[in-house]
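Good morning, and thank you for making time for this presentation. Please take a moment with the sequence and the structure before I begin.

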Amino acid sequence: MKSASGDASRFPVFYTVIGGITASVGLELFLHPHDMIAGGVTGISRLVSLYTQEHFGLLLFVLNLPLMMLYSLSTHKPMLLRALPGLFAFSGSAIILSPFPAVSGHPVVCALGGGICIGLGAGLAARHGGLLDSLGLNESDDGRPSALFLTQRKIPLIQIVMLCNGLLLMTAGFVLGWEPALYSALSCLAAYETTRLMFTGLTRMVCVISNNQQTIEDALYRRLRIQRISVGSPVQKKDEIKKDLVDKKTEKTIVYHVHLLDLQRFKAIIQMTDPQAEMYTLKKE
């Protein structure tokens, strides 16, 4: 997988291994002592381990390996070789950390802390070509399938993953109790958002098209202390802003880097200053 910055890492295996260890810390020191589970094959492995008495780390490796092999064969990509170091680290460190007690006795703290650790680990591994959970596959540009064909219909893989995680959390509610299941859902949400931030970062590039540029610039600087980026700046070239959006309305275009926490205030200020203004949030490639 291409990293979010577009630059290949010089030591991808090192980062995937660190990602696996970080994710296992979230599981064994935060979630599992409170009977919480993660999503995907990781959560399935935990439920199976509770019934079979087999070690979670061993089941994590055994259940993930066939699915990763299947994806690797179906896409004709050496995905398995890239995923194995992180998967080994994830499973092995889970075995080593399992005897240790929970970091905190508060379930909310552990749900959030565990989710953040899992998200950091999964995001770090994915940014450098690894994969910690075979159900963590999503739409990407590295040859992994983004959709499956079932009964002549193309179903986005993200929908299948969400359905599997929903069924998994419902099963956990019946098996472990509904309170741990709800905390598990909170942990899954924290993990998802953390992984997403690993790829998108904390800032967004917003393109504003308006006839009242100076008024908007003054209002944004006065209230948020942010300044525009020139349309022809290297930052914009690096992020490949769509030419048709800039070329047609260059003289009316203002571009800003906006922090996520300021995004709603930024939009509100634009709307109050110029209700006719158009805004486009530019995604990272």
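Where in helix α4 is the kink centred? The model before you is a predicted one, and in it α4 bends by about 30°, with the centre of the kink at Pro85. The helix covers residues 79-97, which is 19 residues. From its first C-alpha to its last it reaches 27 Å, close to the 27 Å expected at 1.5 Å a residue.

Many of you will want to know how α4 is placed with respect to solvent. Its buried residues include Met79, Leu80, Ala83 and Leu84 ahead of the proline. Gly86, Leu87, Ala89, Phe90 and Ser91 are buried as well, and so are Ser93, Ala94 and Leu97.

Let me now step back to the protein as a whole. Its secondary structure amounts to 11 helices and 5 strands. Of the 285 residues, 42% are buried. The accessible surface is about 15800 Å², and carbon and sulfur atoms hold 62% of that area. If we take the contacts with a separation of 6 or more, 77% of them join residues 24 or more positions apart.

I turn next to the sheet. In what order do its strands lie? The order is β4-β3-β5, in an open sheet of 3 strands with antiparallel pairing. Strands β4, residues 253-259, and β5, residues 278-282, are at the edges; each has a single partner strand, and therefore one side of each has no neighbour in the sheet. From one strand to the next, the twist averages 25°.

The pairing of β3 with β4 can be followed residue by residue. Strand β3 spans residues 203-209, and 7 bridges connect it to β4 in an antiparallel arrangement. Thr203 is opposite His259 of β4, while Arg204 has Val258 as its bridge partner in that strand.

Is β4, as an edge strand, largely enclosed or largely open? Because 5 of its 7 residues are buried, β4 is largely enclosed by the rest of the structure. One element that lies across the sheet is helix α11, residues 263-273. This helix crosses β3, β4 and β5, and its direction is at about 10° to that of β3.

I should like to spend a little time on α5 and α7. Gly115 belongs to α5, residues 107-127. Its relative accessibility is 0%, so Gly115 counts as buried. Which residues does Gly115 contact, leaving aside those within four places in sequence? They are Cys110, Ser187, Ala190, Ala191 and Thr194. The C-alpha atom of Gly115 is also 9.6 Å from that of Thr195, a residue 80 positions away along the chain.

Helix α7 runs through residues 178-200 and has 23 residues. Its span from first to last C-alpha is 33 Å, close to the 33 Å expected at 1.5 Å a residue. The buried residues of α7 are Pro180, Ala181, Ser184, Ser187, Ala190, Ala191 and Thr194. The spacing of such residues may be read against a general rule: an α-helix has 3.6 residues a turn, so residues three or four places apart point the same way. Following α7 comes Gly201, with a positive phi near 80°.

Finally, I would draw attention to three residues in loops. Ser104 sits in the loop between α4 and α5. With a relative accessible area of 17%, Ser104 is buried. Beyond residues up to four places away in sequence, Ser104 touches His34, Val109 and Cys110.

The other two residues are notable for their backbone. Most residues other than glycine have a negative phi. Asp35, however, has a positive phi near 60°, and Gln53 has a positive phi near 65°. Asp35 is in the loop between α1, residues 12-31, and α2, residues 40-52. Gln53 is in the loop between α2 and α3, the latter covering residues 56-75. Are these residues buried or exposed? Asp35, at 37% relative accessibility, counts as partly exposed, whereas Gln53, at 66%, counts as exposed.

To close, I return to the starting point: α4 has its kink of about 30° centred on Pro85. I welcome your questions.

Technical notes:
Residues numbered from 1 in each chain as written. Predicted model: local features only at pLDDT ≥ 70, side-chain atom pairs only at ≥ 80, totals over all residues. Heavy atoms only, no water. Pairing = 2+ DSSP bridges. Helix = DSSP H or I, 4+ residues; strand = E, 2+ residues; numbered from the N terminus. Axes fitted to C-alpha atoms, helices over the stretch in contact; angles between N-to-C directions. Contact = heavy atoms within 4.5 Å. Expected span 1.5 Å × (residues − 1). Bend = angle between axes of the 7 residues up to and from the residue. Buried < 20%, exposed > 50% of the residue type's maximum accessible area, 1.4 Å probe, protein only. Areas by Shrake-Rupley, 256 points an atom, 1.4 Å probe, with all protein chains shown as cover.
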